[in-house]
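Got the viewer open? Here's a short tour, one selection at a time.

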Amino acid sequence: MGDTDATTKTAQGLLGIGQAAQELGVSVRALRYYQEMGLITPSGRTSGGNRLYAEPDLARVRRIRELQTLLGFNLDEIRAILSSEDRLTQVRLEYRAASDDGDRLRLLLEAQAAYQRLRGEVDEKVSRLTAFRDEIDERLARTERLLGDAVVHSS
């Protein structure tokens, strides 16, 4: 449970948890939590058991942060999105390797369904954001009406 060697960079280009956290702008605790949630898996461990992160691990954490901060998804939603994205990556590999038209069709149908699920997640998020914006617009309009009334009455 050490994971405290923040400056260790192995010959394989792996970063210790502290250095990875610093590079990503997240806390060590966040990296541990993402792993606990099943969102990331470190690429390796030192002989002492410390977590080691490769560039693909860092890219995945960047994707998690993008989905969280920019797009507003929670960690459960992110887990579902990443699972779909992981499966789509596997489907692409299987499609390229497939020689049977039936297998290719099955993979294309699976990809289509996965993209439709992802689109549904995004549509739901957009709908909630639109409703929130509409609520703000109503309150802003009400405030502007009250402000206009206040200006007229103070003249």
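Start by selecting Arg62 and Glu23: the two form a salt bridge, with their closest N and O atoms 3.5 Å apart. This is a predicted model, so keep that in mind at each stop. The pair ties together distant parts of the chain, since Arg62 sits in helix α3 and Glu23 in helix α1, 39 residues apart. Check the surface here too: Arg62 is partly exposed at a relative accessible area of 37%, and Glu23 is partly exposed at 46%.

Stay with α1 and select residues 17-24. Which of its residues are buried? Pick out Ile17, Gly18, Ala20, Ala21 and Leu24. Now look down the axis of α1: these buried residues fall within an arc of 165 degrees, so they line one face of the helix. To see what they pack against, show β1 (15-16), α2 (28-36), β3 (51-53) and α3 (55-70). Then step off the end of α1 onto Gly25, whose phi is positive, near 75 degrees.

Next, jump to helix α4 (residues 75-97) and select Arg87. What does Arg87 touch, leaving out residues up to four places away in sequence? Glu94, Leu107 and Glu110. Zoom in on Glu110, whose side chain makes a polar contact of 2.5 Å with that of Arg87. Arg87 is partly exposed, with a relative accessible area of 30%. For a sense of scale, draw a C-alpha to C-alpha distance from Arg87 to Ala131: you should get 32 Å, for residues 44 apart in sequence.

Now for helix α5 (residues 101-154), where you can select Arg139 and Glu135. Their closest N and O atoms are 3.2 Å apart in a salt bridge. The two are four residues apart in the helix, which means about one helical turn separates them. Arg139 is partly exposed at 48% relative accessible area, and Glu135 is partly exposed at 35%.

While you're there, add Arg133 and Asp134, another salt-bridged pair, with closest N and O atoms 3.9 Å apart. Arg133 counts as partly exposed at 47% relative accessibility, as does Asp134 at 34%.

For the last stop, select Glu77, Glu124, Lys125 and Arg128 together: salt bridges link them in a network. Why might such residues come together? Side chains of opposite charge can pair when their charged atoms come close. If you want to keep hunting, how many salt bridges are there in the whole structure? A search finds 15.

Methods. Residues numbered from 1 in each chain as written. Predicted model: local features only at pLDDT ≥ 70, side-chain atom pairs only at ≥ 80, totals over all residues. Heavy atoms only, no water. Buried < 20%, exposed > 50% of the residue type's maximum accessible area, 1.4 Å probe, protein only. Contact = heavy atoms within 4.5 Å. Polar contact = N/O pair within 3.5 Å; in protein donor to acceptor, adjacent residues only side chain to side chain. Arc of directions from axis to C-beta. Salt bridge = Lys/Arg side-chain N within 4 Å of Asp/Glu carboxyl O.
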